[in-house]
Amino acid sequence: MSTTPLSPPDTDDDDAATEIAAPGGDFARRIAHLDMDAFYASVELARRPELAGLPVIVGGRGDPESRGVVTTANYEARKFGVHSAMPMAKAVRLCPQAVFLPVDFAEYRRVSRLFKAAIVEIAPVMEDRGIDEVYLDLTEHEEPTRVLGLALKAAVKEATGLTCSIGIAPNKLLAKIASDLEKPNGLTILRTQDLATRIWPLPARKINGIGPKASEKLAALGVNTIGELAACEPGWLVSHFGKSYGAWLHRAANGIDARPVETESERKSLSRETTFATDLHPVRDWQALARLLAELSRDVAADLAKHKLRGRTIGVKVRNDQFAIATRDLSLPEFTDREAVIRKAAFECFARVPQNRKLRLLGVRVSNFEQG
Ligand code: TTP
Ligand code: MG
C-alpha cells in the first residue's frame with residue numbers, strides 16, 4: 001500500500017466503536033451504506049405473498065412479450081442469470097417460468113419513504129442517494145457497530161417487511177462496496193486492515209465511479225483487480241486517465257475517500273449527470289447532447305422544487321473520452337428553481353466547454369442556494 005493508514009487501536013473487540021480508523025490519516029469515522037435487496041421485486045412480493053419462493057422479474061409493462069428491459073429481478077430469478085437492464089426477451093429465454101410484473105413507481109416511492117423514515121429515527125445523519133439507498137454517519141453513536149447495523153436492519157424490516165444490506169466502513173467508498181459483499185440481507189463491517197483481504201481481490205469495477213469504459217481501459221492496460229490498481233504508480237494512472245480521474249483512481253483503490261455524509265439541510269448543490277452508451281461529439285452530436293442537456297436541466301429543476309431550494313449558480317460538467325473533466329458555471333442575478341432559466345444557463349455553460357474531443361458524460365448542477 002502506498003499510503004500509511006492510521007493504525008486502529010489494538011483490540012480484539014470486533015464491535016468497539018473505535019475499531020475503524022480512516023485510511024489517509026483523517027479521524028476515524030463510521031459510515032454506513034444501506035441498500036435494499038432486489039428492491040422493486042421485493043416490494044411486489046411483499047404485497048403478493050403467494051409469489052414467495054418463485055422467480056419474479058419486474059420490468060416495462062410486465063408483459064414477457066414486450067420489448068422492454070428488466071428493471072430488476074429477485075434473487076430466485078437471478079440464479080437463472082437474469083439481471084437489471086437485460087432485454088426482456090433474453091430474460092424470458094433464461095427463465096420462462098418466472099412471474100413477470102409491470103413497474104409501479106408510485107408504490108416503490110411510498111415504500112422508499114417508509115424505510116427512510118424508519119432509518120432517520122435511529123440515525124439522523126442520513127444522505128438520501130435515491131430510491132433504495134442511503135448513506136449514514138454513525139460516528140457519533142455510542143453503540144457498537146454491529147448493534148447499530150442490526151438495529152437498522154430490524155427497523156427497515158419492521159417498517160416495510162423488507163430486507164436490506166448494510167456495509168459499515170471508515171468512508172462512503174468502502175461502505176458502498178461493503179454493502180454489496182454479502183447481499184441479500186447482509187451486514188458487512190469493514191475495517192481499514194481488511195482492505196487488502198476483502199477489497200483488493202475484487203474487480204476494479206466494484207468501485208463506484210469505475211464504469212464499464214474505465215474498467216475496459218484498465219483491463220487493456222493489464223489492471224483487473226482493485227489491488228492491482230492500488231499498486232499502480234499515481235503518475236502512470238494520470239498519464240492514462242488525466243489529472244483528476246487518474247489521481248482519484250489511485251486514492252479510491254487505496255480506500256481513501258473523505259467525502260462527508262451530506263444531509264438534506266447541509267446540501268450545497270444538486271446535480272444530475274448521465275454517462276452515454278456511446279461517446280458523443282460536442283459539435284457533430286450536438287442534437288443528442290442538447291436533448292440530454294434539456295432533460296438534465298428539467299430533472300435538476302424538479303429536484304430543486306422537491307427539496308424547496310433555489311440556487312443562483314448553474315454549472316455544466318463534462319468528461320471526455322480520455323476521462324478528463326471540465327466544468328463551466330454561470331452565476332445568475334437571482335435565485336431560481338425554474339427549468340427554463342436553468343436550461344438557458346446550462347446551454348450557455350456548455351458552449352464554453354472544450355469542443356475538440358468526444359464526451360462520455362454530461363452533468364448539470366445548481367449551487368449557491370438561497371439561505372433559509
Ligand atoms: P439496485 O439497488 O441496483 O438493485 P436491487 O435493489 O434490485 O437489487 P440489489 O440491490 O439487491 O442487488 O437498484 C434499486 C432499484 O432500482 C431496483 O430494484 C430497480 C431499479 N433499477 C433500475 O430501474 N434500473 C437498473 O438498471 C438498476 C440496476 C436498478
Ligand atoms: Mg438495491
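These are my notebook entries on a predicted model, going place by place.

**Ground rules**

I number residues from 1 along each chain as its sequence is written, with chains lettered from A and ligands numbered from 1 in the order in which they are written. Since this is a predicted model, local features need pLDDT of at least 70 and side-chain atom pairs count only at pLDDT 80 or more, while totals for chains, interfaces and linings use all residues; side-chain values use heavy atoms, with hydrogens and water left out.

**Entry 1: the record's active site**

I started with UniProt, where an unreviewed entry lists E133 for "active site". I keep in mind that UniProt positions are given in the numbering used here, that feature names are shortened, and that annotations may be inferred rather than shown by experiment. Where does E133 sit? I found E133 in strand β6, residues 133–137. For helices and strands I use DSSP runs numbered from the N terminus: H or I with at least four residues for a helix, E with at least two for a strand.

Is E133 buried or exposed? E133 is buried, because its relative accessible area is 17%. My cut-offs are under 20% relative accessible area for buried, over 50% for exposed, and partly exposed in between, with a 1.4 Å probe and protein chains only.

Next I looked up what E133 touches, not counting residues up to four places away in sequence. The list is H33, L34, D35, F115, E127, D128 and K176. Contact here means heavy atoms within 4.5 Å.

**Entry 2: the record's binding site**

The unreviewed UniProt entry also places the feature "binding site" at D35 and D132. They are spread over 98 residues of sequence, yet they cluster in space, with a largest C-alpha distance of 5.7 Å.

I took D35 next and found it in strand β1, residues 31–36. D35 has a relative accessible area of 14%, so I noted it as buried. Leaving aside neighbours within four places in sequence, D35 is in contact with D132, E133, C164, S165, S179 and K183. That list holds D132, the other binding-site position, and also E133, the active-site position.

D132 is in the loop between β5 (126–128) and β6. D132 counts as buried because its relative accessibility is 14%. With the neighbours within four places left aside, D132 is in contact with L34, D35, M36, F39 and F115.

**Entry 3: two helices crossing**

F115 kept coming up, so I went to its helix, α4. Two packed helices are described by the angle between their axes and the distance between the axes. The axes of α4 (residues 105–122) and α5 (residues 145–160) come within 9 Å and cross at roughly 140°. An axis is a line fitted to C-alpha atoms, for helices over the stretch in contact, and angles run from 0 to 180 degrees between N-to-C directions.

Which residues make the contact? On α4 I listed V111, L114, F115, A118, I119 and I122, and on α5 A151, L152, A155, V156, A159 and T160. By class, that gives 11 nonpolar, one polar and no charged residues. Ala, Val, Leu, Ile, Met, Phe, Trp, Tyr, Cys and Pro count as nonpolar, Asp, Glu, Lys and Arg as charged, and the others, Gly among them, as polar.

**Entry 4: backbone oddments**

The peptide bond from K183 to P184 is cis, with omega near -5°. P184 lies in the loop between α6 (172–181) and β8 (187–189).

N185 is in the loop between α6 and β8, and its phi is near 60°, a positive value in a residue other than glycine. N185 is partly exposed, because its relative accessible area is 46%.

F323 also has a positive phi, about 75°, although it is not a glycine. I found F323 in the loop between β10 (311–320) and β11 (325–336), and at 3% relative accessible area it is buried.

**Entry 5: cysteines and a surface loop**

How many disulfides are there? I counted zero, taking a disulfide as a pair of cysteine sulfur atoms within 2.5 Å. C95 is buried at 0% relative accessibility, and C349 is buried at 0% too.

Last, I checked R284, in the loop between β9 (269–280) and α12 (286–306). R284 is exposed, because its relative accessible area is 64%. The C-alpha atoms of R284 and K358 are separated by 9.3 Å, with their places 74 residues apart along the chain.
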